[in-house]
Amino acid sequence: MSFFADQTNAATISIMPLSNDDFNAWLDLQNDHIKSWAKLNDFTAKDGQILLIASSDQTPAMAILGMDDIGDMWAWAGLVEKLPAGQYQIAIKLNQIDANLACLAWAMAQYIFDKYKGNDHQVRQLAWPKNADKKLITCQVEAISLTRDLINTPANDMHPAALAMAAQEVASRHGAEYKVIIGDDLLEQNFPLIHAVGRASINAPRLIDIRWGNVNLPKLTLIGKGVCFDSGGLDLKPSSNMLIMKKDMGGAANILGLAHMIMAMGVDVNLRIIIPAVENSISNNAFRPMDIITSRMGKTVEIGNTDAEGRLVLADAISLACEDNPDLIIDFATLTGASRVALGTDMPSCFTTDDEFSAQLKIESEKIKDHIWEMPLFQPYASQLDSNIAHINSAPSGGYGGAITAALFLKFFLTDSQKWAHFDLMAWNLSNRSGRSMGGEAQAIRAVFEVIKKRYI
């Protein structure tokens, strides 16, 4: 059953969003039943307060939501989680941005990862608000659900081959060209860093390469870190740190969600999606700290720490992307704990060489409440990546500025003029909150989509 309905019916229940300031004036116009029920429940429409009003036969008649900001999507999500099954409509007219946010929250509040346990969840259905962009919301709900599902799937079922299959399904849905390079073929086709990181796993590493759109349109390349499980390699993680490492392919999952939006909405770009898919495992052929590996671009990399593997697979992917000379490269990666320490788990960091992209991203992320914070590519920190015996060290021993040095490592593999944006994200909710169930999460893809859509009109 869909979360949305095109029409209301006789049983449709109205939702009235009200601020605390407007509540008394509204209440004065209501009947005695509503007035007494609000008083009995000490309801004053404070932000986040919810009041369900029953009719004389005890069936739901109205829901009132206290909210200071009509565009607060998580307040809408909190309401949905407290409503009984049925059909609802928003009683006031919303502008398109607020209508879209309310609709998205409505669906995200009802997301359940039911692959292994099933569910008996009864859907709360919303009649489409008048100004809502139905196509966009449908597309976003699909993209976010896809992203969450991929991340939530455990590594025994979301290994590199399974991630490749999921990418192929997205490509097939949109008639895109799909190619994959597997195992030792990576060495033959010059992807040595991807091969080195993934070679110790029984699940062979691979490079996923998808193309879609008119070749005469501007080239946009998306890259997603696809580390399907990260043990840390020989620099082994503590067991507590491994508990959510199935989410280390969150960059790839988010990129596939973003790509779905771009293709489903028919954005005028020549799109390429590159995903290095590996498991960072331990075996007799695992790569080692202080190994030196020659990258695809020909520069040598000294391995500072095998638990900093994501930047290695991204380096070869970025080199491949630059060979196409695209208008813009965007990568998503669950790359550093340093970014989480700086910004927390809900705020992805962005590093970019494109001032126009940066300015537009700030506007769009604030407008649709998909929050991102830009971080500096502070070039003096690049000296921390110096190696005595290789062109670059993958992971400096110092503990400071880790998100910046990781971004600078990736930047090393760009051609000088290449426009690029790098997103370092958590891709995971640590607890259950309204509309954001514990587990995999889509982050920054809505805002980035809006920038792309406006950039390539």
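The legends below describe close-up views of a predicted model.

**View 1. Salt bridge between Lys-225 and Asp-248.** Lys-225 and Asp-248 are joined by a salt bridge, with 2.9 Å between the closest N and O atoms. Lys-225 sits in the loop that connects β9 (219-224) with β10 (226-230), and Asp-248 sits in the loop that connects α9 (239-242) with α10 (250-264), so the pair ties together parts that are 23 residues apart in sequence. Both partners fall under the 20% limit for buried residues: Lys-225 has a relative accessibility of 2%, and Asp-248 has one of 3%. The structure as a whole holds 22 salt bridges.

**View 2. Salt bridge within helix α13.** Helix α13 spans residues 355-367 and contains both Lys-367 and Glu-364. The two residues are three positions apart in the sequence, about one turn of the helix. Their side chains form a salt bridge, at 3.7 Å from N to O. Glu-364 is buried, with a relative accessible area of 1%, whereas Lys-367 is partly exposed at 34% relative accessibility.

**View 3. Salt bridge within helix α15, and the network around it.** Glu-450 and Lys-454 pair in a salt bridge whose closest N and O atoms are 3.3 Å apart. Both residues belong to helix α15 (residues 445-455) and are four residues apart, about one turn of the helix. Glu-450 is buried, its relative accessible area being 7%, and Lys-454 is partly exposed at 36% relative accessibility. Through shared partners, salt bridges join Glu-364, Lys-367, Glu-450, Lys-453 and Lys-454 into one network. Two members of this network, Glu-364 and Lys-367, are the pair in helix α13 shown in View 2.

**View 4. Open sheet of β12, β13 and β17.** Three strands make up this open sheet, in the order β12-β13-β17, and their pairing is mixed. The edge strands, each of which pairs on one side only, are β12 (292-294) and β17 (392-393). Strand β13 covers residues 300-302 and runs antiparallel to β12, to which three bridges join it. Ile-293 has Val-301 of β13 as its bridge partner.

**View 5. Asp-424 and its contact with the backbone of Leu-335.** Asp-424 is part of strand β18 (residues 420-424). With 0% relative accessibility, Asp-424 counts as buried. The side chain of Asp-424 reaches the backbone nitrogen of Leu-335, at 3.3 Å. Leu-335 is also among the residues closest to the centre of the largest pocket, shown in View 6.

**View 6. The largest pocket.** The space in the largest pocket amounts to about 770 Å³. The pocket is lined by 29 residues, and those closest to its centre are Asp-307, Leu-335, Thr-336, Gly-337 and Ala-338. Four helices, α9, α11 (310-322), α12 (337-343) and α14 (402-411), supply at least two lining residues each. Helix α12 gives the largest share of the lining, three residues. By class, nine of the lining residues are nonpolar, eleven are polar and nine are charged.

**View 7. The second largest pocket.** The volume of the second largest pocket is about 310 Å³. Its lining consists of 20 residues, and Trp-74, Lys-369, Asp-370, Arg-436 and Ala-442 lie nearest its centre. Two or more lining residues come from each of α3 (73-80), α4 (96-108), α5 (134-152) and α15. Helix α15 also holds the Glu-450 and Lys-454 pair of View 3. The lining divides into nine nonpolar, three polar and eight charged residues.

**View 8. The cavity lined in part by β9 and β11.** One cavity of 30 Å³ or more is found in a search of the whole structure. The volume of the largest cavity is about 30 Å³. The residues around this cavity are Arg-211, Lys-219, Leu-220, Thr-221, Asn-270, Leu-271, Arg-272 and Asp-324. Strands β9 and β11 (270-280) each contribute at least two residues to the lining. By class, the lining has four charged residues, two polar residues and two nonpolar residues. Strand β9 also borders the loop that carries Lys-225 in View 1.

Conventions:
Residues are numbered from 1 along each chain as its sequence is written. This is a predicted model: local features need pLDDT of at least 70, side-chain atom pairs count only at pLDDT 80 or more; totals for chains, interfaces and linings use all residues. Side-chain values use heavy atoms; hydrogens and water are left out. A salt bridge is a side-chain nitrogen of Lys or Arg within 4 Å of a carboxyl oxygen of Asp or Glu. Buried means under 20% relative accessible area, exposed over 50%, partly exposed in between (1.4 Å probe, protein chains only). On a 1 Å grid over the protein atoms alone, a cavity is a set of points where a 1.4 Å probe fits but cannot get out, and a pocket is an open set with protein on both sides within 12 Å along at least five of seven lines; lining residues have an atom within 4 Å of a point. Grid points are joined across faces, edges and corners, and a volume is the space filled by probe spheres set on the points. Ala, Val, Leu, Ile, Met, Phe, Trp, Tyr, Cys and Pro count as nonpolar, Asp, Glu, Lys and Arg as charged, and the others, Gly among them, as polar. Two strands pair if DSSP finds at least two bridges between them. A polar contact is a pair of N or O atoms within 3.5 Å; within protein, one must be able to donate a hydrogen and the other to accept it, and residues adjacent in sequence count only if both atoms are side-chain atoms.
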